[in-house]
Amino acid sequence: MVQKLFQSEPDPVEERLLELFDFLLSDHGFAYTKTDLGNAVDRNGKFSFCGPLNGYQFYNGKFCINILHLVQRDDYNVYITDRQGTDQVYLLNSTEILSRLAYDLPALAEEIKDAIAHRELFGHPI
């Protein structure tokens, strides 16, 4: 009973992302990490909105797919960076993916599958 008090709640967003993007991990050698980035900031590093802002990152040695989820607003953004990192200013000043794909994660997964077949993901060579 005491152990239950200290167990964290499962993250339904993380479970969904791991299901949708499993092909990156199992077929293409990507790694995955989830990070609490704290409060949201703007491109200049100034406070923007209260967190938590979760960063879900799928990465390899060439680039990183960053899916950011601002929990209180249920807001999503997706960025492509050259490396895995947790500096929000770095993430926000990288290649932003269309918001329609950020809110349609199955469509984003399909876009990434197609991009891998063409060896380029939103301008980043694979």
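In this predicted model, Ile-65 touches Leu-24, Tyr-56, Gln-57, Phe-58, Val-78, Tyr-79, Ile-80, Ile-112 and Leu-121, leaving aside residues up to four places away in sequence. Ile-65 belongs to the largest nonpolar core, which has 25 residues. Within that core, Ile-65 is among the residues with the most contacts, along with Phe-21, Leu-24, Ile-67, Leu-108 and Ile-112. Several elements each give two or more residues to this core. They are H2, helix H3 (22-28), S4, S5, S6, helix H5 (99-102) and helix H6 (105-117). The most, 6 residues, come from H6. Another core, of 8 residues, lies apart from this one. Its members include Leu-37, Ala-40, Leu-53 and Leu-91. In soluble globular proteins, nonpolar side chains tend to be buried together.

The strands were examined next. An open sheet is formed by 5 strands, in the order S1-S4-S5-S6-S7. The pairing is antiparallel. At the edges are strand S1 (31-36) and strand S7 (95-96), each of which pairs on one side only. Strands of a sheet pair through backbone hydrogen bonds, either parallel or antiparallel. Strand S4 (residues 53-59) and strand S5 (residues 64-70) run antiparallel and are joined by 7 bridges. Tyr-56 has Ile-67 in S5 as its bridge partner. Ile-67 also appears among the residues with the most contacts inside the largest nonpolar core.

A helix packs against this sheet. Helix H2 (residues 12-20) lies across S1, S4, S5 and strand S6 (75-81). The helix runs at about 15 degrees to S4. H2 is also one of the elements giving two or more residues to the largest core.

Technical notes:
Residues numbered from 1 in each chain as written. Predicted model: local features only at pLDDT ≥ 70, side-chain atom pairs only at ≥ 80, totals over all residues. Heavy atoms only, no water. Pairing = 2+ DSSP bridges. Helix = DSSP H or I, 4+ residues; strand = E, 2+ residues; numbered from the N terminus. Contact = heavy atoms within 4.5 Å. Axes fitted to C-alpha atoms, helices over the stretch in contact; angles between N-to-C directions. Core = buried A, V, L, I, M, F, W, Y, C linked by side-chain atoms within 4.5 Å. Buried < 20%, exposed > 50% of the residue type's maximum accessible area, 1.4 Å probe, protein only.
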